Amino acid sequence: MTVLELTTADTAAAAVPGSRRRALRRVLRNPLAAVGLVVVVVAVLAALLADLVAPFPYDRTNFGAALQPPSPAHWFGTDELGRDQFSRVLFGLRASVGVGVLSVALSLAVGVPLGLLSGFYGWLDPVISRLTDTLLAFPFLVLAVGLAAILGPSLATATIAIGVAQIPAIIRVTRGETLRLRGMDYVAAAVAGGAGDGVLLRRHILPNAVNALIVQATVNVPAAILGEAVLSFLGLGLRPPNPSLGGMLSSAESLFRDGPWLVVFPGVAIVLLTLALNLFGDGLRDALDPREVRR
Amino acid sequence: MKPGSDRLLDVEELTVRFGTEDGAVLAVDAASFALGPGEVLALVGESGCGKSVTALALTGLLPRSAAVSGRITFAGRNLPGLAERELRRIRGRDIAYVFQEPMTSLNPVLTVGRQIGEVLRRHQGMGGSAARRRAAELLELVGIPLPHRRLGEYPHQLSGGMRQRVMIAMAVACRPRLLVADEPTTALDVTVQAGILDVLRTLRAEIGTAVLLITHDLGVVADIAERVVVMYAGRTIEEAHAEALFARPSHPYTRGLLDAVPNPARHADGGLREIPGRVPVLATSPDACTFADRCGHADGVCRTRRPAFARGPAGHLVRCWHPLAVPVPP
Amino acid sequence: MGRYVLRRLVESAVTFVLATIVIFLGVRALPGDPVRALAGEENDPQALAEIRRAYGLDESIVVQYVRYVGRALRGDLGTSARTRLPVAETIGHALPVTLQLAAFAMVVAVLIGLSTGIVASVRRRTASEWAANTVALLGLSIPVFWFGQMVILLFAIAYPVLPASGFVSFFSDPVQSLRHLLLPGLVLGSGLAAVIMRQTRSAMLEALGSDYIRTARAKGLGGAQVVFGHALRNSLIVVTTIVGLQLGALISGVVVTEQIFVVPGFGKLIVDGVLTRDYPMIQGLVLVTATAYIAINLLVDLLYSVIDPRIRVGGAVL
C-alpha cells in the first residue's frame, strides 16, 4: 500500500485533456530537455541507419590493424580482432534502443490492462496486488538470471526479463490513476449517464491516465537500456559476435591495459544515451506535472 | 488613526510584486493602514485581493520571488529594513500568526506539546519540562480539556476546532503584542467558528494583544472587529469603524460586499445580490479605479485617473471618485 | 496498528508461497529433463536415477512441491551440481561477504544522497543545487559495471592506490577490509545515492513549501530548526521507504559489482551458477533472494508505520 502511495505521489500528473501539446512545447523551451531530445533522436537514427552510416561491417576483422588506438580511419579504435569500434558501437546502439523500446512496450501491454482492472474492480485488487508483490520479490537481475536459465541467453530473453521486471511499476501507476480518476466527478457523471464499464475505462479513465504512464515510461526506458547493458555484460543478453554495448565492455575487461579505449567508448555511448533520455524525461515530467509548474 | 505615538503597527504604501512564470503580478498596491495597541482591525476582501500577502509581508514571510517595498513600522522599528535574524526574534514573540488551515499548518509528525514548546524554548529560553508545563497551561487557556494528555498527541488525532485552538495557543505563547489571524475560522464548521472567536476575544482581553484579522467573512468582522479596512485588487479602498462601515458603506465595492451577505431583515426587495465580474489580476498599477469595470457608477474619470484614499461624505477614508452617501436601509 | 501488522504478515506469507511456486515451476520449465538439468555435467545413468529418486521426480508435482518447500524450510537447498557441496552451506559462506559490501555501500549512499539532497532543496538556484542535480543525474545514467571499470582504470591501474579485487572481512582486519571495500562500495552505492538524493530533494521541496513550514517560520524558528526539525523529519518518512524499496536494486548491483571486483560473495555465486548451469545452486540463490526481499519489504512497511505517527497512533491512514 505504501509503495502505491509513493509511486503515484512521485509520478502523478493530473491530466488536463488537450494540454499535452502545450506540455511538449514547454519541454522544448527547457534547454537541457531539448538537448536531451536531440541526442536521443540522433542516437535512434544512428541505430536505425547503422547499416548505412557505419564505415565498416560490425564483424569485419583485420588482424593487421588489431588494437589500434583511435585514429582518423577508426574513430573509436579497433579491438583485438581489428574490428572497427565505431561501427560496432553504432550496431550496439541498435540492440540497446531495440531492447529499451520493446521491453517497455511489453511491460505496458501487460501492466496497463492489469492496472486498470485492479483499480476498477475492487475484488480483483487483492489478487493482482499479490501477483505484483510476487513479481517484485525477484530483483530484476535475479529474475533475468532465472529466465536466461530457462530460455537460454538471447536478446529476446533480455527483452522479456526487463519487460517483466517493469510490469509491477506499470500496474501500480495505472491502478493508482484508475482509483484517482474513478472518484472524479466527470466519471460519476458518465456512470449516471449510463456508460458501461468498457466505455468508462477506455474513454474516460485510460486517456487521462496516459500522462502518468508517460512519466513512468520516461523512467523505464533508460532503466531498460541500462538493464540490457548489464545483461549483455554478464553474458545473458545478445551473444557475440553480434555487438551490444554491454557485451563490448565485457570482452574489453581483459584488455584494460592494452586498449583502454575499448572500455571508454561503448561506455560513453551508453551514458550519453541514458543521460539524454533522463534529461528529456525530467523535462517532460516537469512539464506534465502541474504541481511542478506552479512552483 | 492619526499620527501619534499610540500606534503599534503602521503600514505605509506597502507594495508587493511577485515574479511568476507568466509575468509579474502586483499583489499589494501601495496599501496603507495602522493599528493601535490592543486594537482589533479587520482586513477584508475577496480571495486574491492581497490581504493574506499583506499579512505575510509584515514579518518577511513571503517567498523569495516576492519584491516588497514600502514602510512597515512596528513598535518604532521599520521591519523590512531588519535582517532575517532580527525578524526571527520578532516572529512568534512580538508578532504571532494563526493560519487558516489548522490541518496543514501544524506539522503532522510532531506532537502538539513539542510544537507549542518550540516557541517557548526559542523565545523564552525555557527548558523541556518548563516548556511542557507552560504548554499545558496554554492549552487550558484556549479551552482544551485534558491538556496534559493532549500534549503527547499528534495533530491528526485532534478535531479541526481543537487544532485551531492549538494554533492559537502556539501563537499566544509569548504574549505577542500583535496577533495576525489569517482566516482563522474559514476552514471550520459554523458551530466551531463561534468558539474560536470567543477564544480570540477572551485572549485579547486577557493579554491585551492587538489583532489583525484577515477575513472575507463579514459576519466574523461584525462579531469581533473594531475597525475595518477593505482591500480590492491590492489596494486599500475603504477604512472605517465597524459599525460605521456596516451602516454607511462609501465605496460601491463595500456596498456590494454587504449586499452579498444573506440578511433576511434587509433584502425584501431583491434578495441576495452578487457583484458581477471578477477581481482583476494586475501586472502594474493602472491610473484608474481598479473596480471601474465592475462598478455601476463608473464613468470616464474612473477609467483614466487614480482615485486617492481620502475622506468621503460619510467620514470614512475611501478610494472612489463617486463615494456613496446613502446609508444602507435598516 | 495491530491489524495493519497482521495484514502485512499474511500478505507477505502469501507472497512467499507464490514465490516458492514460481521458483519450483521455474525449474520444471527448464528445457529438457529436469534430472539432466539438476545433474549438470553428470552422465552416469545410475547417478541420474539416484537424482530422480532423491528429488522425488517420480512423484506427482504437488507432492514434489510440498517436499521441496519442506526441505527448503529445514535449510536443505540441495547439492551444487558443480562442487557437490550443499547449496545452503555455500550460500552461508558467501552471504556475510555480500552483507558487508552491501552495508558499506548503503552507508555511503545514505550519507551522500541525504546530504546532497538537502543541499539541493535548501540552496535553490545556486551552483550547489546545480552540482548536486548533475551528480545525481550521472549516477542514474552510468551503468554500474562501467563505472566500476572506470574506477578500476583510474584508482587501480593508472594510479594504483587501492586494491581492485579481493575481500577481507571487517572482523578480521578492519583497515584492510575498508581498503578493499572502498572502490566496490562506492560503485555499488552510487546508483542508490542518486536515487536517495532525488527522493530527498523532492520530498524536501514538498515539505519546505508546506503550510507547517510557514507556521514554523512564523514562530521565529531559525533556518536549521526549520530545515532539520520540521522539513527533514517529514521527508525522512518517504526517504526511508524508498531506501527500503531500493534494496532490490542493490541486490542486482551486488551481482555486477562482485563480478567486476572479484568479490567472493552472493552475486558471484549467481553469475557462476548461470555460467556453469548449476541449476540447484541457482534455485537456492533465487529462493534466498526472494525470501530476503519479501522480509525486507515487510520490515520497511513496519518501520514506516513506526516512524509515521499518522499510522502508528490511531489509525488506518493508508
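This report walks through a predicted model of three chains, A, B and C, from the individual chains to their contacts and a couple of backbone oddities.

**The chains one by one**

Let's start with chains A and C, which the table sets out side by side.

| Chain | Helices and strands | C-alpha extent along principal axes | Residues buried |
|---|---|---|---|
| Chain A | 13 helices, 0 strands | about 75 × 45 × 30 Å | 53% of 295 residues |
| Chain C | 14 helices, 0 strands | roughly 80 × 60 × 35 Å | 46% of 318 residues |

Reading along the sequence of chain A, you go through α-α-α-α-α-α-α-α-α-α-α-α-α. Take the contacts in chain A with a separation of 6 or more, and 72% of them turn out to link residues 24 or more positions apart. For chain C, the corresponding share is 69%.

Chain B has strands as well as helices, with strand 6 (residues 95–98) and helix 3 (residues 102–105) marking the two ends of its confidence range by element. Strand 6 of chain B has the highest mean pLDDT, 94, while helix 3 of chain B has the lowest, 83. Over the whole of chain B the average pLDDT is 87, and 94% of the residues score at least 70.

**Who touches whom**

Two pairs of chains touch, and the pair with the most contacts is A and C. Chains A and B, on the other hand, have no contact joining them, and their closest C-alpha atoms sit 8 Å apart.

The contact between A and C draws on 43 residues from chain C and 38 residues from chain A. On the chain C side, the elements giving two or more residues are helix 1 (2–28), helix 6 (127–141), helix 7 (144–158), helix 10, helix 11 (247–260), helix 12 (266–275) and helix 13 (279–307). Helix 13 of chain C supplies the largest share of that side, with 9 residues. What's the make-up of the side of chain C that touches chain A, by nonpolar, polar and charged residues? It comes to 32 nonpolar, 9 polar and 2 charged residues.

Over at the other pair, 23 residues of chain B meet 20 residues of chain C. Helix 2 (84–90), helix 3 and helix 4 (112–124) of chain B each give two or more residues to the chain B side. Helix 4 of chain B gives the most, with 4 residues. The side of chain B that touches chain C splits into 9 nonpolar, 7 polar and 7 charged residues.

**Core and helix packing**

The largest nonpolar core holds 267 residues, and those touching the most other members are A:Ala144, A:Val145, B:Ala169, B:Leu212, B:Leu213, C:Ala105 and C:Ile196. Helix 10 (residues 197–233) of chain A makes the largest contribution to this core, 17 residues.

Two of those core residues are worth a closer look. Setting aside neighbours within four places in sequence, C:Ala105 is in contact with C:Gly185, C:Leu188, C:Gly189, C:Leu192 and C:Leu250. C:Ile196, meanwhile, is part of the contact between helix 8 of chain C and helix 10 of chain C.

How do those two helices sit against each other? Helix 8 (residues 174–208) of chain C and helix 10 (residues 223–245) of chain C have axes that come within 9 Å and cross at roughly 145°. The crossing of helix 8 and helix 10 of chain C is right-handed. Among the residues making the contact are C:Val195, C:Gln199, C:Thr200 and C:Ala203 of helix 8, along with C:Leu232, C:Asn234, C:Ser235 and C:Val238 of helix 10. By class, this contact has 12 nonpolar, 4 polar and no charged residues.

**Two backbone oddities in chain B**

Most residues other than glycine have a negative phi. B:Ala75 goes the other way, with a positive phi of about 50°. You'll find B:Ala75 in the loop between strand 4 (66–74) and strand 5 (77–78) of chain B. B:Arg175 isn't a glycine either, and has a positive phi of about 50°. B:Arg175 lies in the loop between helix 7 (160–172) and strand 7 (178–182) of chain B.

Are these residues buried or exposed? B:Ala75 is partly exposed, because 15 other C-beta atoms lie within 10 Å, and being buried takes 20 or more. B:Arg175 is also partly exposed, with 15 other C-beta atoms within 10 Å.

Note on methods. Residues numbered from 1 in each chain as written. Chains lettered and ligands numbered in written order. Predicted model: local features only at pLDDT ≥ 70, side-chain atom pairs only at ≥ 80, totals over all residues. Core = buried A, V, L, I, M, F, W, Y, C linked by C-beta atoms within 7 Å. Buried ≥ 20, exposed ≤ 12 C-beta atoms within 10 Å, placed from the backbone. Contact = placed C-beta atoms within 7 Å. Axes fitted to C-alpha atoms, helices over the stretch in contact; angles between N-to-C directions. Left-handed = near helix turned anticlockwise from the far one by under 90°. Nonpolar A, V, L, I, M, F, W, Y, C, P; charged D, E, K, R; others polar. pLDDT = per-residue confidence, 0-100.
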